[in-house]
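Biologist: Could you pull up the model for me? I'd like to talk through its charged side chains.

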Amino acid sequence: MELVSKCLQARDKAYCPYSRFPVGAAVLTADGAIITGCNVENASYGLTVCAERTAVQRAVVEGHTQFSAIAVTCDIKDRFVGPCGACRQVLMEFGSDWTVYLTKPDGSYKETSLSELLPLAFSPSHLAKN
């Protein structure tokens with residue numbers, strides 16, 4: 001699957017000199033474009049940006065705000081690892097109908113959904129009701 005392959009390639013570009021925990025992500029836009037991201041760490045740890053947010057931000061800069069899927073990977077080999085809570089919330093900003101591929105370094109993946117990863121989520125629709 002191309003989306004999985006692209007997230008693995010993005011992981012190899014991660015800038016993670018402090019944690020040594022590379023993460024890659026690839027988002028699939030509604031019109032079929034694949035945009036990648038990797039984590040970019042900072043000596044001021046709170047300024048580190050996760051791979052998923054990098055990919056979404058790059059996509060927005062390129063004019064994409066509708067997405068259908070994301071693939072995420074890290075170097076953990078024995079289990080599937082999902083996005084952090086902050087990244088799940090950022091994905092929710094763009095809708096709850098994401099397919100999420102949790103990907104191991106060998107390319108095997110588990111398919112899930114953003115709704116499963118972030119149940120009872122806060123979303124832009126909550127702000128519209130005020």
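Biologist: Which residue does Arg11 meet in a salt bridge at 3.4 Å, N to O?

Modeller: Keep in mind that this is a predicted model. A salt bridge needs a Lys or Arg nitrogen within 4 Å of an Asp or Glu carboxyl oxygen. Arg11 has such a contact at 3.4 Å, N to O, and the partner is Asp12.

Biologist: Is Arg11 buried or exposed?

Modeller: The cut-off for buried is under 20% relative accessible area. Asp12, its partner in the salt bridge, counts as exposed at 59%. Arg11 has 12% relative accessibility, so it counts as buried.

Biologist: How many residues apart are Asp75 and Arg11?

Modeller: These two also form a salt bridge, with the closest N and O atoms 3.3 Å apart. Asp75 sits in the loop between strand E3 (67-73) and helix H3 (85-92), while Arg11 belongs to helix H1 (residues 2-11). The pair therefore links distant parts of the chain, and the separation is 64 residues.

Biologist: And which residue forms a salt bridge with Asp78?

Modeller: Asp78 counts as exposed, at 60% relative accessibility. Its partner is partly exposed, with a relative accessible area of 49%. The closest N and O atoms of the pair are 3.5 Å apart, and that partner is Arg79.

Biologist: Which residues do salt bridges that share partners join into one network?

Modeller: Arg11 pairs with Asp12 and also with Asp75. Those bridges share a partner, and the network is made of Arg11, Asp12 and Asp75.

Biologist: How many salt bridges does a search of the whole structure find?

Modeller: We've been through Arg11 with Asp12, Asp75 with Arg11, and Asp78 with Arg79. For the whole structure, the search finds three.

Conventions
Residues are numbered from 1 along each chain as its sequence is written. This is a predicted model: local features need pLDDT of at least 70, side-chain atom pairs count only at pLDDT 80 or more; totals for chains, interfaces and linings use all residues. Side-chain values use heavy atoms; hydrogens and water are left out. A salt bridge is a side-chain nitrogen of Lys or Arg within 4 Å of a carboxyl oxygen of Asp or Glu. Buried means under 20% relative accessible area, exposed over 50%, partly exposed in between (1.4 Å probe, protein chains only). Helices (H or I, at least four residues) and strands (E, at least two) are DSSP runs, numbered from the N terminus.
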